[in-house]
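Subject: Structure handover

Hi,

Here is the structure we spoke about. Please open it before reading on.

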Protein chains: 2
Amino acid sequence: MPKKPDLMPGTLDMLILKTLARTPLHGYGIALSIKRLSDDVLTVEEGSLYPALQRLLLQGWVKAEWKKTETNRRARYYTLTPAGRKQLGVELSQFEQMIAAIGRVLQDA
Amino acid sequence: MPKKPDLMPGTLDMLILKTLARTPLHGYGIALSIKRLSDDVLTVEEGSLYPALQRLLLQGWVKAEWKKTETNRRARYYTLTPAGRKQLGVELSQFEQMIAAIGRVLQDA
DNA sequence: ATTCTATCCATAGATAATCTACTTATATGA
DNA sequence: TCATATAAGTAGATTATCTATGGATAGAAT
C-alpha cells in the first residue's frame, strides 16, 4: 500500500515562512500550526522541519532566539526577517503560477 | 540567482497519466503537450520524462508499442491502462486534497 | 552536398527534499 | 512510576528531478 506523502515537496519553506508571517513561533509550534490549519492533511515531520529551519536561517529569511515558553520550557523562537517576507512573496507567486499551469493541463477541454 | 523548478515534484506522473487519458502519445508528444497546455510554465525534461515512463510501465499504468509517426519516424506510443486510469483518479484526488490543505494554511484569517 | 533544427529515445550521475528512525531532555498528569 | 506532550536536533535512506550526455533520422535551408 503506497503511503501518501505528508507534504508537497517544494512547499515546506513557503508554509513555514507564511506561518511565521503571522507570528514568531518555535519549531514545534510551527509544525502544530500547519497541521491544525490544514485539518491534519499536512504533517511536518521533525526530520523535515529542523533541516528546513536551518536552511531558512542560512538564507537569512528567518532569525532565531532561545526563550522560555509560557509553560516554562526552553524553545527556539523563529522570526521572519524582511528578506524572508520578500522571499515569501516570491514563493507564493511561483506557487500560484505552478498551480494554475497544472490546472490547465488537468482541464478536460 | 536561484532558478525556479520546471515542475512541482510529485506531480509528473499525474500530468503524464492525464495527458494519456486524452489520447495515446509518444514521449516527445507528451512533453510537448504538457508544455503547450501549461503555456510554457511546465517543462518536462527528457531526464525526468523517460524514467517516469519506465516507472509507469513497471506499475502497469501504461503500456507501450513502437509505431511510425505521421512524419514517418519511429516512436514509442504509450497508452493508459484501466489500472492507470484508476491511478489517475487517486492522484487527482490526493492532489486536490493537498492543494486545498495548503490553501488553508496560506489563508490570512 | 552539407548543415541546421526539430523530432525521437534513453541513460548516468549529481542534486535536492523529504521521510524514517533515532537521541536527548523536561513537564505534567494518571 | 509510567505515559504522553512538548521541545530540539542529527544520520541515513529514499525518491524525484535536473544536468549532461549520446545516438539516430527527417526535412528544410544554404
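Below is what came out of the analysis. Please bear in mind that this is a predicted model.

**Symmetry**

Chain B lays on chain A with an RMSD of 0.0 Å. The operation is a turn of 180 degrees with a shift of 0.0 Å along the axis. The two copies are therefore related as by a two-fold rotation axis. Within chain B, B:Pro9 has the C-alpha nearest that axis, at 2.9 Å. Both copies use the same surface: 100% of the contact residues of chain B recur in chain A.

**Where the chains meet**

The contact involves 23 residues of chain B and 23 residues of chain A. On the chain B side, three helices each supply at least two residues: α1 (12-22), α2 (27-37) and α4 (82-106). α4(B) gives the most, with 9 residues. By class, this side of chain B divides into 14 nonpolar, 5 polar and 4 charged residues.

**The nonpolar core**

The largest nonpolar core has 52 residues. Which of them touch the most other members? They are A:Ile34 and B:Ile34. Take B:Ile34, leaving aside its neighbours within four places in sequence. B:Ile34 is in contact with B:Leu15, B:Thr19, B:Leu42 and B:Val44, and with A:Val105 from chain A.

**DNA strand D**

DNA strand D is surrounded by 32 residues. The closest are A:His26, A:Gly27, A:Ala75, B:Asp6 and B:Gly47. From chain A, α2 (27-37), α3 (46-59) and β3 (74-80) each supply at least two residues of the nearby surface, as does α3 (46-59) of chain B. α3(A) gives the most, with 6 residues. The class count for this surface is 11 nonpolar, 13 polar and 8 charged.

**DNA strand C**

Around DNA strand C there are 31 residues. Here the closest are A:Asp6, A:Leu12, A:Gly47, B:His26 and B:Gly27. Chain B supplies at least two residues from each of α2, α3 and β3 (74-80), and chain A does so from α3. The surface near DNA strand C has 10 nonpolar, 13 polar and 8 charged residues.

**Reading the two strands together**

His26 and Gly27 are among the closest residues to DNA strand D from chain A, and to DNA strand C from chain B. Asp6 and Gly47 come from chain B at DNA strand D, and from chain A at DNA strand C. Keep the two-fold relation of the copies in mind when you look at these lists.

Best wishes

Methods. Residues are numbered from 1 along each chain as its sequence is written. Chains are lettered from A and ligands numbered from 1 in the order in which they are written. This is a predicted model: local features need pLDDT of at least 70, side-chain atom pairs count only at pLDDT 80 or more; totals for chains, interfaces and linings use all residues. Copies are superposed by least squares on the C-alpha atoms of residues with pLDDT of at least 70 in both. Two residues are in contact if their C-beta atoms, placed from the backbone, lie within 7 Å. A residue is near a molecule or strand if its C-beta atom, placed from the backbone, lies within 6 Å of it. Helices (H or I, at least four residues) and strands (E, at least two) are DSSP runs, numbered from the N terminus. Ala, Val, Leu, Ile, Met, Phe, Trp, Tyr, Cys and Pro count as nonpolar, Asp, Glu, Lys and Arg as charged, and the others, Gly among them, as polar. A nonpolar core is a set of buried Ala, Val, Leu, Ile, Met, Phe, Trp, Tyr and Cys residues joined through C-beta atoms within 7 Å. A residue is buried if 20 or more other C-beta atoms lie within 10 Å of its own, exposed if 12 or fewer, and partly exposed in between; C-beta atoms are placed from the backbone.
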